[in-house]
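User: I'd love a close look at one part of this model, and then a walk outward from there. Here is what I have open.

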Amino acid sequence: MSIATGQSQGVGQSALRPDGTLKVTGEFAYSSDLWLDGMLWGATLRSPHPSAWIKSIDIAPALAMPGVYAVLTHEDVPGAKFYGLEHKDQPVLAIDQVRYQGEPVALVAADHPETARRAADAIQVWYELREAVTDPRRAAFDPACPQVNPHGNVVRHQPVRVGSEFTADVVVTGEYEVGMQDQAFLGPESGLAVPAEDGGVDLYIATQWLHVDQDQVAPCLGLPKDKVRLTLAGVGGAFGAREDLSMQIHASMLALRTGKPIKIVYGREESFFGHVHRHPAWMRYEHGATKGGDLVYVKAEIVLDGGAYTSSSPAVVGNAASLGVGPYEVDNIWIDAYGTYTNNPPCGAMRGFGAVQACYAHESQMDRLAEACGLSPVEIRVRNAVSQGSKLATGQVVDTPAPLAGMLRELAAMPLPGPGSADLRALPGGVAQTTHGEGVRRGVGYGVGIKNICFSEGFDDYSTARVRVELLGGEPHVLVHTAAAEVGQGLIMVKSQIARTELGIERVTIVPADTSVGSAGSSSASRQSYMTGGAVKVACEAVRERLDKLTAGGATLTEVLADGPIEETREFRHRRTFPMDPVTGQGDSHTQLALCVHRAVVDVDVELGLVKVVELAAVQDVGRIINPLALEGQIHGGSAQGLGLALMEEIQVRDGKVLNPSFTDYLIPTILDMPPMRLSILENPDPHAPYGLRGAGEPPTLSSTPAIAAAVRDATGLALTRVPIRPDDIALAG
């Protein structure tokens, strides 16, 4: 349990995270640290091929090895053989075919992790290779393309059709590409499954959504949900990749088969194969405007590669379509957004999903339009910026504050950093001494992002909180119990701040998240402060109402609680949303929208193609600040992931095979890559949200990527239509 105490620790204060010190000192227990005496270790055999038929599997060599307790294939799945986040199309273990490199084929349980791995390697599988579908555009548009999915190669096609005027004085077109980014969390997939006396299983797991895991795991085990109990273990980062299952069903199957606890911990390479990634995107845009720079129309074709299975691709497509023109007023829109099945690695949720890809394209277009109209990058955006009362591409009216024009002007007015330092660490290439300033050019770029908050398109999005006030040690104490996953975002702290604010009691304990309380939904879509924060708030209000009645006669809180605890459970739902129309794309599909704008300053060694981000400045409207320190951390973190997508992060896939499944070859920004940040955080409350807050974790990821790309273009004069920008994109072009 996490206990938070102290003065001035309510909403609006920089309350310290109760788990923070333990994480910094290395004492925090993550899911990979779980241990039980007598436990066995699980390992997974994965396909080396992106597309093949399975002709036969021989498990005898693995079973014959000393220390091996079980070897399982699809024939041993006790219940449903398929699961999935939105559609149950993913096999627990491959049956007659594999659709991507890394697909699980068989499982092993042994008394030592190395024994388990060697046994998995000893399993003999005979494959018949077949053509791999790796081009998502071919998958979507070529009728002769092989079918990856029995229902076709298009996961979802979402059009948006508004207006009929598609001619303009000034027209700019562009084709853009976004590479496959990985969530790159530091804690690999891991967990512990423990067989229970009632025939069920207790699963301790690092996840983003306990109840949706339970909904998928139980049918595959052939068990009722109440016999599959999940408890959140320590999570070492998530960013969307833990929304889908990894080893949950596998560990549980092995535990039920052997009757012993099973621990599975992926190595780093297996982690790259064991979770979904950000959808790569191919996008073609056309913007039309008046000579003065007022948008007349936007046309776009967006193709997102979903990989082998559905995951959350339908929602990603919906976001890309609905937010595809960005936060700009435009009366005529023609968008076609597609999600496709291929034999590439499966893709799903990652911070800002769908909106990130579209943002890079529409912001690149706004820069082109600015140049064509003779306007500055800021002025073209101010001229077309949405505000309260504007309509989005879906026809949804922005009915909350949206001061985008003012945010852009404030950003542009911020001082620029001074000239480059003589310190080598401040130059492109750093201490490698590739330059002492020669060949280095400075550039400045801007980016604007708009992100939907919470779940959209009619999803029954809710969170549950149980709040209990009782005497502990003679003092009033609050216990808050939810199933909301703390994945590093600081939710434990936020829940305690809300409880302290609503009840006026300092001592607050956050009970570990598990499935013995109602669902809290996913820790994604920047929704937990809004949704679980809202649930905790209304549950606290219900407790406070009862306490107020009991103390109305003059009794003290301590006297009232001496008769027993006061407990209330409440569900919280946001206002209703609606699906996008399948033909026109119209509908009030989003709960809340958040804006962030970035300015990037970069130094580029144009001879070697090396980039140093000198400074990032950001203005973000968060509605209401719940915790200033944590909020700044979210903006810094989101900006770091946007920087990674702009300059270095990409899973390299060739012919369906991953070429760089390691942190040696998949590069993520370090502390030396992150520049100083200049922040302005605005508070324009959303009247529909608890405390007026807006989800804040995702928007910085959207706008930072195009801002950095624009700054590199400004420094080099190159078009640079793909992220991440590689050194050879700059050096060879020069």
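User: Is α6 largely enclosed by the rest of the structure or left open, and how many of its residues are buried?

Analyst: Happy to take you through α6 and then some other parts. This is a predicted model, in which local features need pLDDT of at least 70 and side-chain atom pairs count only at pLDDT 80 or more, while totals for chains, interfaces and linings use all residues. Residues are numbered from 1 along each chain as its sequence is written, and side-chain values use heavy atoms, with hydrogens and water left out.

In α6, 9 of the 11 residues are buried, so this helix is largely enclosed by the rest of the structure. Buried here means under 20% relative accessible area, against over 50% for exposed and partly exposed in between, with a 1.4 Å probe and protein chains only. Among the buried residues are Gln 248, Ile 249, His 250 and Met 253. Helices (H or I, at least four residues) and strands (E, at least two) are DSSP runs, numbered from the N terminus. Just after α6 comes Gly 259, with a positive phi near 75°.

One partner of this helix is α5. The axes of α5 (residues 210-221) and α6 (residues 248-258) come within 10 Å and cross at roughly 40°; such axes are lines fitted to C-alpha atoms, for helices over the stretch in contact, with angles running from 0 to 180 degrees between N-to-C directions. The two helices are therefore oblique to each other, given that under 35 degrees counts as roughly parallel, over 145 as roughly antiparallel, 65 to 115 as roughly perpendicular and the rest as oblique. The crossing of α5 and α6 is right-handed, that is, the near helix is turned clockwise from the far one by less than a right angle, whereas anticlockwise would be left-handed.

At this crossing, Asp 213, Gln 216, Val 217, Cys 220 and Leu 221 of α5 meet Gln 248, Ile 249, Ser 252, Met 253 and Leu 256 of α6, where contact means heavy atoms within 4.5 Å. By class, the α5 and α6 contact has 6 nonpolar, 3 polar and 1 charged residues. Ala, Val, Leu, Ile, Met, Phe, Trp, Tyr, Cys and Pro count as nonpolar, Asp, Glu, Lys and Arg as charged, and the others, Gly among them, as polar.

Another helix pair is α10 (residues 377-384) and α11 (residues 404-413), whose axes come within 9 Å and cross at roughly 165°. These helices are therefore roughly antiparallel to each other, and their crossing is left-handed. Val 378, Arg 381 and Val 382 of α10 make the contact with Ala 405, Leu 408, Arg 409 and Ala 412 of α11; the residues divide into 5 nonpolar, no polar and 2 charged.

Turning to strands, there is an open sheet of 7 with mixed pairing, in the order β4-β8-β2-β15-β12-β13-β14; two strands pair if DSSP finds at least two bridges between them. At the edges stand β4 (68-72) and β14 (228-232), each with a single partner strand, so one side of each is left without a neighbour in the sheet. Inside the order, β2 (residues 40-46) and β8 (residues 104-110) run antiparallel, joined by 6 bridges, and Leu 45 has Ala 106 in β8 as its bridge partner. Helix α3 (residues 113-122) lies across β2, β4 and β8, running at about 25° to β2.
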